[in-house]
Amino acid sequence: MTHTVKNDIILSTHHLTVGYGKKSLPLFENLNLELRASELICFMGPNGIGKSTLLRVLAGLQKSLGGNIKYGNSDESMDAHAISVVLTDKVKSAAMTVKDLVTFGRYPYMDWSLKLSARDEEIIQESIRQLRIDYLSDRKLYELSDGQLQMVMIAKALAQDTPIILLDEPTAHLDLNNRVEIMNLLRSLARKTNKAIVIATHELDLAIQTADTIWLTGKNKNLLPGIPVDLILNDSFDEIFQFKGFDLKTGKIQHEPFRETAIQLTGDGHALLWTKNALERNGYTITKVKTEIRVSIAEKNGRITWDLTSPINQETFDSLYELVEAISKLHQTNVVD
C-alpha cells in the first residue's frame, strides 16, 4: 500500500499538552512537532520524563490534555491504518508462531470472515523478508531470543502497512550486536518504505549516528528537536543529561591523569585512537611534544607494532598490553619519576 501525503508531512501536533488527568501537572506542554516520510526520529530524555506517555498519545492510545494531533493535511482521525505501535509489553501467547504474530498486523484490513487475501499474504511474507527472519517463520515465540522477538514485533508493525511506526525502547535488554542491527534496520526501513519511524530510546551513541532528527526532552516540559550534530555542538545533550566524566563531542570517557608522566604519542588511524585511550586510562598524559617517554605506532601488512623509547632503552611490542606493562616497569625503576 502506498500512502501519499502532501509536503511529506505525515503527522503534526499543535500546542499539544501531554500528561495524566485534568488536574495533574502536564509532562509536556505546547508541543508543535512534525513527522515526515522517510524520517527516523529518536526520542530521548532521562527516565520517567514521559517518553512512553507521549508515544501513547501520538498513537491514539491515550488522550491528550490539550491541543491536537493532525494526520497529514486533513482532519481525519488516526486509526490502525495510520499508525502501528511496538510497545514494551510482553506477548501474551508465546505458543504462537512467528508468522502467526506477524499476521496480526493485517487484522485492521480484514472483514468479519477474518480470511487473509492474497495481498495480505504477500505483505506478511514481505515484512518477514525485510526483517530477515524468514528462517524463524515457523518457530514458536517462546523459542526465540529477545533480539529475535523484537525483530518479529517490528515485522508485525511493518505488516500493518502504516505510514507511521512508533517504537518504545525497541533495543532494551539487548546485546550490542542486536542493538546495532535493529537501529540500522529501522534506519533502512524508513528510507526504503517511505515511513516515518519514531523510537523512544536511551541508546545515545547509536541514536546520534542513525537518527535524522532527535527529539530531546527539555527542562521546561518541552522538546528540543534537531539533527544530532547540532544538539551535540550547542551543548543541549550536556545540559539535559549532565554527563559525568563523558565527553559527547569526542565520544570518550574522560580519564583523570593520576601519574606525573607525559608520553609523546605518534601514529594514525584506529591504532592511535585506541593507544591513546589505553594510556590515558592508565593515568598518563598524552602529548605531541617531545618527552622522555615516546611511543610510535607502525602498521605493516596488517600488523601493528609499538616502538617505545625511554631514557634507558628502545623496545618494540606486538600488543598494547606489553607496551603498558613496559611503561609501568619504568616507574618501578624510577626512570620516569
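Let us start at Asp-212, which counts as partly exposed because its relative accessibility is 28%. This is a predicted model, and the tour below moves from its charged pairs to its cores and strands.

**Charged pairs**

What does Asp-212 pair with? Its salt-bridge partner is Arg-187, with the closest N and O atoms 2.2 Å apart. The two residues link distant parts of the chain: Asp-212 lies in the loop between helix 6 (204–210) and strand 9 (213–217), while Arg-187 belongs to helix 5 (residues 176–193), 25 residues apart. Arg-187 has 8% relative accessibility, so this residue counts as buried.

The structure holds eleven salt bridges. Among them is a pair made by Lys-99 and Glu-121, whose side chains meet at 3.5 Å, N to O. Here helix 2 (residues 98–103) supplies Lys-99 and helix 3 (residues 118–130) supplies Glu-121, with 22 residues separating the two. Lys-99 is partly exposed because its relative accessibility is 25%, and Glu-121 is partly exposed because its value is 30%.

Helix 3 also carries Asp-120, which is joined to Arg-106 in the loop between helix 2 and helix 3, 14 residues apart. The closest N and O atoms of Asp-120 and Arg-106 are 2.9 Å apart. Are these two residues buried or exposed? Asp-120 is buried, since its relative accessible area is 5%, and Arg-106 is buried too, with 4%.

Here are the three pairs side by side:

| Salt bridge | N to O distance |
|---|---|
| Asp-212 and Arg-187 | 2.2 Å |
| Asp-120 and Arg-106 | 2.9 Å |
| Lys-99 and Glu-121 | 3.5 Å |

As background, side chains of opposite charge can pair when their charged atoms come close.

**A buried aspartate without a salt bridge**

Now turn to Asp-168, found in strand 7 (residues 164–168). Which side chain of opposite charge is nearest to Asp-168? That is Arg-56, 6.0 Å away, and Asp-168 is buried yet has no salt bridge. A salt bridge needs the nitrogen and oxygen within 4 Å, so the 6.0 Å between Asp-168 and Arg-56 does not qualify. Asp-168 does have a polar contact, however: its side chain and that of Ser-52 are joined at 2.6 Å. Leaving aside neighbours within four places in sequence, the residues in contact with Asp-168 include Leu-55, Val-86, Leu-87, Thr-88 and Ala-200.

**The nonpolar cores**

In soluble globular proteins, nonpolar side chains tend to be buried together. In this model, the largest nonpolar core has 47 residues. Leu-131, Ile-133, Leu-186, Ile-197, Ile-214 and Phe-237 have the most contacts inside this core. Helix 4 (residues 146–159) gives the most to the core, with nine residues. A second, separate core has 26 residues, including Leu-16, Phe-43, Leu-55 and Val-57.

Ile-197 is a good residue to click on. Not counting residues up to four places away in sequence, Ile-197 touches Glu-39, Leu-40, Ile-41, Ile-165, Leu-167, Leu-186, Leu-189 and Ala-190.

**Strands 13, 15 and 16**

Our last stop is strand 15 (residues 293–300), which runs parallel to strand 13 (residues 262–266) and is joined to that strand by four bridges. Ile-263 has Ile-293 in strand 15 as its bridge partner. How many bridges join strand 15 to strand 16? There are seven, and strand 16 (residues 303–309) runs antiparallel to strand 15. Arg-294, for example, has Thr-309 in strand 16 as its bridge partner. Strand 15 and strand 16 form a hairpin with two residues between them, and Asn-301 in the turn has a positive phi of about 55 degrees.

Technical notes: Residues numbered from 1 in each chain as written. Predicted model: local features only at pLDDT ≥ 70, side-chain atom pairs only at ≥ 80, totals over all residues. Heavy atoms only, no water. Pairing = 2+ DSSP bridges. Buried < 20%, exposed > 50% of the residue type's maximum accessible area, 1.4 Å probe, protein only. Lys, Arg positive; Asp, Glu negative; His and termini not counted. Polar contact = N/O pair within 3.5 Å; in protein donor to acceptor, adjacent residues only side chain to side chain. Contact = heavy atoms within 4.5 Å. Core = buried A, V, L, I, M, F, W, Y, C linked by side-chain atoms within 4.5 Å.
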